[in-house]
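Please look over the structure shown below together with its sequence. The paragraphs that follow lead from the interior to a pocket, a sheet and two loop residues.

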Amino acid sequence: MKIHPQVFIGTIQSTAHCGVSAIHKRAVDGVLTLNSLGIEGDEQAEKRFHGGPDRALCHYPQEHYEFWRQRYPQLEDLFLPSAFGENLSTQGMTEENVFIGDIYAWGDARIQVTQPRSPCYKLNGLTGVENFAQIMQDEGRCGWLYRVIKGGSVGADTSLKLLSRNSDVSMQEAIMIAFHAPYDEELYRRLLSAAGLSASWSLTMQNRLEHHKIEEFSHRLFGRRS
């Protein structure tokens with residue numbers, strides 16, 4: 001199955017609710033250049049948490065925006081594709097049918113799924129809902145990230161096509177393991193064994209195994225430490 005994405009890029013700017021950020025992205029058409037760090041012209045503000053080789057592209061399903069509009073009808077004008085700063089938005093790809101390590105053809109480029117997106121506190125400011133990042137995490141409607149294994153020419157007119165499935169760990173299961181389940185070494189080893197898992201998530205799972213505890217989420221979700 002071939003799926004045509006909506007494509008978005010943005011530049012770093014000072015925002016009213018998210019501080020210095022590139023979360024506000026615009027739709028782009030025509031031929032774009034994709035390299036190892038993402039789409040030419042797209043930027044990330046906090047590179048410790050966004051961007052880099054394992055997080056070159058962010059993908060968020062269009063289907064989820066309908067869920068958010070129903071849950072927060074007062075924010076229906078906000079919940080449209082690119083609201084969460086994604087580069088790609090599609091119909092037909094969700095956390096249930098996208099897996100760690102999946103390799104897609106996008107134009108003549110090749111991209112590989114590396115991890116779910118980890119919701120962060122800037123989503124709270126964006127929406128005006130003080131715990132929105134926590135709710136997104138709890139609902140498992142996080143989207144996911146890609147590395148670029150072959151750059152090339154891409155765009156909204158070039159389809160995404162699954163070329164190979166390299167693990168049996170879906171985004172849905174990865175989110176459950178990382179964010180929802182109690183401490184479970186077997187689950188962490190299962191996630192670590194998934195071909196294509198990002199370096200940062202590999203380190204997080206390894207740290208859990210070494211320290212026998214789950215890291216705290218409060219700084220990421222609320223901008224503060226517990």
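In the largest nonpolar core, which has 44 residues, Leu34, Trp106, Ile111 and Tyr146 touch the most other members. A nonpolar core here is a set of buried Ala, Val, Leu, Ile, Met, Phe, Trp, Tyr and Cys residues joined through side-chain atoms within 4.5 Å, where buried means under 20% relative accessible area, exposed over 50% and partly exposed in between, with a 1.4 Å probe and protein chains only. At least two residues of this core come from each of β2 (6–9), β6 (32–35), β10 (103–106), β11 (109–116), β12 (144–150), α4 (171–180), α5 (185–192) and α6 (199–211), and α4 supplies the largest share, 6 residues. These names refer to DSSP runs numbered from the N terminus, with helices (H or I) of at least four residues and strands (E) of at least two. The model is predicted, so that local features need pLDDT of at least 70 and side-chain atom pairs count only at pLDDT 80 or more, whereas totals for chains, interfaces and linings use all residues. Residues are numbered from 1 along each chain as its sequence is written, and side-chain values use heavy atoms, leaving out hydrogens and water.

Leaving aside neighbours within four places in sequence, Leu34 is in contact (heavy atoms within 4.5 Å) with Ile39, Leu57, Trp106, Ala109, Ile111, Val148, Gly151, Gly152 and Val154. Apart from the largest core lies another one, of 15 residues, among them Trp68, Leu123, Ile135 and Met136.

Strand β6 also belongs to an open sheet of 3 strands, in the order β7-β6-β13 with antiparallel pairing; strands pair if DSSP finds at least two bridges between them. The edge strands, β7 (38–39) and β13 (152–154), each pair on one side only. Between β6 and β13, which run antiparallel, there are 3 bridges, and Thr33 stands opposite Ser153 in β13.

Helix α4 appears again around the second largest pocket, where it gives the largest share of the lining, 4 residues. The residues that line this pocket include His64, Glu139, Arg141, Gln172 and His180, and the lining divides into 2 nonpolar, 5 polar and 4 charged residues.

Finally, two residues that are not glycines have a positive phi: Ser82, at about 90°, and His212, at about 60°. Ser82 is placed in the loop between α1 (62–71) and β9 (88–90) and is buried, with a relative accessible area of 13%. His212, in the loop between α6 and α7 (218–222), counts as exposed at 54% relative accessibility.

Technical notes:
On a 1 Å grid over the protein atoms alone, a cavity is a set of points where a 1.4 Å probe fits but cannot get out, and a pocket is an open set with protein on both sides within 12 Å along at least five of seven lines; lining residues have an atom within 4 Å of a point. Ala, Val, Leu, Ile, Met, Phe, Trp, Tyr, Cys and Pro count as nonpolar, Asp, Glu, Lys and Arg as charged, and the others, Gly among them, as polar.
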